[in-house]
Each structure stands twice: as structure tokens, then as C-alpha cells.
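This report looks at how two helices pack against each other and at the salt bridges of the same chain. Please keep the sequence and the structure in view while reading.

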Amino acid sequence: MDQNKIPQATAKRLPLYYRFLNNLNQQGKKRVSSKELSDAIKVDSATIRRDFSYFGALGKKGYGYNVEYLLGFFRKTLDQDELTEVALIGVGNLGTAFLHYNFLKNNNTKIVMAFDADQAKAGSDIGGVPVYHIDELEERMGNVSVAILTVPADEAQPITNRLADFGLSGILNFTPARITVPAWIRVHHIDLAVELQSLVYFLKHYPLEQDGSD
């Protein structure tokens, strides 16, 4: 299977499918229909069937999908058995929350180190993750290829430049800054303020209809 032929929108939904299937498997459920998947993860059935069609025949008409088979398939597709070590840059309120959370529900991603410009934080341990001074970035990174940015906006680009020079592959950017990177680095931007503004706008201008039935 050529992963490059899978639409990016589909690829983004794969972890969502995996998480739900993993929950079903833990509950002992053996099979699931596209409608059940749709109701649980709020993606329409047609989209789910189309997403799954990119991977071949994963289910049977009238039977649905075998949970254990699907789970194993997506585990392999998402490299769930291969640990990706992540560095976090910026140990403020948001960064500290990430260190305590540390993606406990994900088998394949783990924050293994953090960096901050505050000398008082260097040498500390938060959520089992060691914190180093930002001056030690290149020295400590080792084989880490992914970073989470939770630094002030004006520091985002200079830190990104250092990460690019180091040879990083991916950045999850939680700063408001739209950072510039070389072509070989993939960046996903998550601006919480923008997402909240968007939600409020849609609530005001595109209200959902309420079910008036008792």
C-alpha cells in the first residue's frame, strides 16, 4: 500500500479511528458497523467507508468490521508499535500541562525531554520528564525528530531555526506565530485562541438546531 496515495484528510482521521477501536477492543466488542463508528466519532458513515476503502476490503457487507482485525491493521499503519520520542520546547503553563499529560493514551509518542530559557527550571523533573536549559538544545536532542513548541510567539522562529539546523522532521506548533521551515520539515499549527474564536463565531452565526422532543 502506497501511503502517499491516501488523502491527508483521511490520514488525519486514522488516529481517531484507532482510539475508538482500541476502546471497543478493551470492552470486548468483536465487530462494529460504520454507523456505530459514525455515531461515536461524529464522522459520517460514507466518509468512514471511503476512508477505509483506501486500504482495501476491511469489512463485509451485512457484518460490519472485525474490531480486532481493524485495530491490528491501524496499529501497523500508524506505527503504534514504534515509539517516537518527542521534545517539548517551552515549559510555561501549557508546556507543563503537556508534560504531566504526556500522551498517556498513545502507545507510540512520548515526551522524553523538555527545554526552557528559565535557569530556575533547568535541572528539574516534571511528570517524569527532565527539563534542560535551552542552551543545551542541540547537545541533548540526540535522535529526537519531533518537537512541540509552546514558547512565546517572538521566540518561535529563532527556536525553529535551531531545530531546522539540527535536522528535525516535524513540529507541532502551539504558538500564534506562523513559523517558516525548510521543505523537509512538516509543521502542524494549533492556535487555541483561533480555535476558540472560531467556535464562538459558529455558535453565534451557525447555531445548531435543538431537538424539541421530550
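The sections below describe a predicted model, beginning with a helix pair and then turning to salt bridges.

## Packing of helix 1 and helix 4

Helix 1, which spans residues 8-26, packs with helix 4, residues 67-77, at an angle of about 140 degrees, and the axes of the two helices lie 9 Å apart. That angle makes helix 1 oblique to helix 4, since a pair counts as roughly antiparallel when the angle is over 145 degrees. The crossing in which helix 1 passes helix 4 is left-handed.

On the side of helix 1, the contact is made by Leu 14, Tyr 18, Leu 21, Asn 22, Leu 24 and Asn 25, which meet Val 67, Glu 68, Leu 70, Leu 71, Phe 74, Arg 75 and Thr 77 of helix 4. By residue class, the contact of helix 1 with helix 4 comprises eight nonpolar, three polar and two charged residues.

## A salt bridge between helix 1 and helix 3

Five salt bridges are found when the whole structure is searched. One of them joins Arg 13 to Asp 51, whose closest N and O atoms are 2.7 Å apart. Because Arg 13 belongs to helix 1 and Asp 51 to helix 3 (residues 45-53), this pair ties together parts that are 38 residues apart in sequence.

The two partners have unlike surroundings as judged by accessibility: Asp 51 is buried, with a relative accessible area of 1%, whereas Arg 13, at 21% relative accessibility, counts as partly exposed. The value for Arg 13 is to be read against the cut-off for a buried residue, which is under 20% relative accessible area.

## Salt bridges of Lys 29 and Lys 35

Lys 29 and Glu 36 also meet through their side chains in a salt bridge, with an N to O distance of 2.7 Å. Lys 29 is partly exposed, its relative accessible area being 29%, and Glu 36 likewise counts as partly exposed, at 33% relative accessibility.

A further salt bridge is formed by the side chains of Lys 35 and Asp 39, for which the N to O distance is 3.0 Å. These residues, Lys 35 and Asp 39, are four residues apart in helix 2 (residues 34-41), and so they are separated by about one helical turn. Lys 35 counts as exposed at 53% relative accessibility, while Asp 39, with a relative accessible area of 43%, is partly exposed.

Methods:
Residues numbered from 1 in each chain as written. Predicted model: local features only at pLDDT ≥ 70, side-chain atom pairs only at ≥ 80, totals over all residues. Heavy atoms only, no water. Axes fitted to C-alpha atoms, helices over the stretch in contact; angles between N-to-C directions. Parallel < 35°, antiparallel > 145°, perpendicular 65-115°, else oblique. Left-handed = near helix turned anticlockwise from the far one by under 90°. Contact = heavy atoms within 4.5 Å. Nonpolar A, V, L, I, M, F, W, Y, C, P; charged D, E, K, R; others polar. Salt bridge = Lys/Arg side-chain N within 4 Å of Asp/Glu carboxyl O. Buried < 20%, exposed > 50% of the residue type's maximum accessible area, 1.4 Å probe, protein only.
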